[in-house]
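Thanks for making time this morning. I would like to take you through one model, starting with its sheet and then turning to the helices and a few single residues.

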Amino acid sequence: MENTREVVGTSDDGTISYVIVTEDLSENVTRILEEGFYPFECVSIASNVSKNPKAVAELNTLTTECIKEGVSVAAIDNQTNKVIGVSVNKIQVNDPNQEETFFDKFTRENCKEKESAALMNTMVYCDSSINLFQHLKVNKIMELIFICVTPSHRKRGVGVDLVKFDLKLLDKLSQDEDGPKAASALLTSTYSQRIGEKLDFEILLTISYNTFMYDGVKFSNKIDKQHKGIKLAVKKCTAKDDEFVEVCPRI
């Protein structure tokens with residue numbers, strides 16, 4: 001792991017740095033998702049993603065493509081210099097000439113396994129339930145796709161900080177005339193929904209897990225009952241031009 005990265009923030013106790021994910025971190029990020037996301041995240045559980053290594057590999061391709069945009073954020077343990085959490089993000093663009101969305105195209109071209117296709121199709125269904133560009137009156141949105149913290153570092157506020165620094169990055173990007181002006185996320189568990197509530201996301205709709213089926217079984221029958229559905233959440237950027245200080249590499 002390189003010693004110099006763009007830092008967007010640190011934990012209150014200074015033990016964790018939050019950095020922009022670069023392509024050299026791709027393997028670390030996909031490993032984190034394999035260990036801490038696919039076996040635990042509700043939609044992944046319902047669609048059996050972690051049980052099919054080929055499906056995981058297809059979704060890792062999505063992660064790698066998103067990382068290239070330079071808008072994802074990783075949590076680095078300063079003592080071990082290892083990635084212990086990540087928010088994989090994607091800039092979604094309102095293009096009226098585009099016949100299919102990025103996720104639609106990715107699913108068609110890359111998801112040959114039914115497990116990965118089920119996860120992606122669930123995302124597509126939820127994302128398309130509301131025209132966010134029209135609702136928010138923006139042309140670009142930073143979508144928070146996969147948010148994951150390794151099991152060993154949970155309950156330490158890392159998930160909240162990842163999203164908090166996602167929003168800080170969004171505010172910085174929004175200063176570009178052509179930059180994204182809002183964030184969106186599909187909050188699939190009570191845990192991520194609490195993060196959204198804590199950081200003042202607006203919940204536009206909730207889609208019950210009774211809505212979705214995989215192999216003839218409702219998602220709600222495969223997921224812990226405390227998780228009722230997926231919340232489509234948004235937050236517009238709030239920064240002003242004079243709020244920024246240039247971030248310097250610190251690792």
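What follows is a walk through this structure, element by element.

Please keep in mind throughout that this is a predicted model, and that the values I quote were computed from it.

Let me begin with the sheet, since several of the later points refer back to its strands. Eight strands form an open sheet, and if you go across it you meet them in the order β1-β2-β3-β4-β5-β6-β10-β7, with mixed pairing. Which strands stand at the edges? They are β1, residues 7-10, and β7, residues 202-208, and each of them has a single partner strand, so that one side of each is left without a neighbour in the sheet. As for the twist, neighbouring strands here are turned by 20 degrees against each other on average, if direction is ignored.

As a reminder, strands of a sheet pair through backbone hydrogen bonds, and they may do so either parallel or antiparallel. Both cases can be illustrated here. At the β7 edge, six bridges join β7 to β10, which covers residues 229-236, and these two strands run antiparallel; one pair to look for is Ile207, whose bridge partner in β10 is Ile230. Further in, β5 and β6 are joined by four bridges and run parallel, and there you can find Ile141 standing opposite Ala182 of β6.

I would stay with β6 for a moment, because six of its six residues are buried. The side that points one way carries Ala182, Ser184 and Leu186, while Ala183, Ala185 and Leu187 point the other way, and all of these residues are buried.

That brings me to the helices, and to α8, residues 190-198, in which Thr190, Ser192, Gln193, Ile195 and Gly196 are buried. What covers these buried residues? The cover includes helix α7 together with the strands β6 and β10. Just after α8 comes Asp200, which takes a positive phi of about 65 degrees.

Helix α3, residues 53-67, lies across β4 (82-93) and β5 (140-149), and its direction is at about 75 degrees to that of β4. The same helix also packs with α1, residues 26-36: the two axes come within 10 Å and cross at roughly 135 degrees. An angle of that value makes α1 oblique to α3, rather than roughly antiparallel, because the latter would need an angle over 145 degrees. The crossing of α1 and α3 is right-handed. On the α1 side the contact involves Ser26, Val29, Thr30, Leu33 and Glu34, and these meet Val56, Asn60, Thr63, Thr64 and Ile67 of α3. Sorted by class, this contact has four nonpolar residues, five polar ones and one charged.

A second helix pair is α4, residues 102-110, with α5, residues 114-127, whose axes also come within 10 Å but cross at roughly 160 degrees. That angle makes α4 roughly antiparallel to α5, and the crossing is left-handed. From α4 the contact is made by Phe103, Asp104, Phe106 and Thr107, and from α5 by Ala117, Met120, Asn121, Met123, Val124 and Asp127. By class, the contact of α4 with α5 has six nonpolar, two polar and two charged residues.

I will finish with some individual residues. Is Asp161, which sits in helix α7 at residues 158-173, buried or exposed? Its relative accessible area is 12%, and because the cut-off for burial is under 20%, Asp161 counts as buried. Leaving aside residues up to four places away in sequence, Asp161 touches Ser11 and Tyr18.

Two lysines in loops deserve a look for their backbone angles. Lys137, in the loop between α6 (132-136) and β5, has a phi near 60 degrees, a positive value in a residue other than glycine. Lys137 is also exposed, with a relative accessible area of 74%. Lys155, in the loop between β5 and α7, likewise has a positive phi, near 65 degrees, although it is not a glycine. For Lys155 the relative accessible area is 89%, which makes this residue exposed.

Definitions and conventions. Residues are numbered from 1 along each chain as its sequence is written. This is a predicted model: local features need pLDDT of at least 70, side-chain atom pairs count only at pLDDT 80 or more; totals for chains, interfaces and linings use all residues. Side-chain values use heavy atoms; hydrogens and water are left out. Axes are lines fitted to C-alpha atoms, for helices over the stretch in contact, and angles run from 0 to 180 degrees between N-to-C directions. Angles under 35 degrees count as roughly parallel, over 145 as roughly antiparallel, 65 to 115 as roughly perpendicular and the rest as oblique. A crossing is left-handed if the near helix is turned anticlockwise from the far one by less than a right angle, and right-handed if clockwise. Contact means heavy atoms within 4.5 Å. Ala, Val, Leu, Ile, Met, Phe, Trp, Tyr, Cys and Pro count as nonpolar, Asp, Glu, Lys and Arg as charged, and the others, Gly among them, as polar. Buried means under 20% relative accessible area, exposed over 50%, partly exposed in between (1.4 Å probe, protein chains only). Two strands pair if DSSP finds at least two bridges between them.
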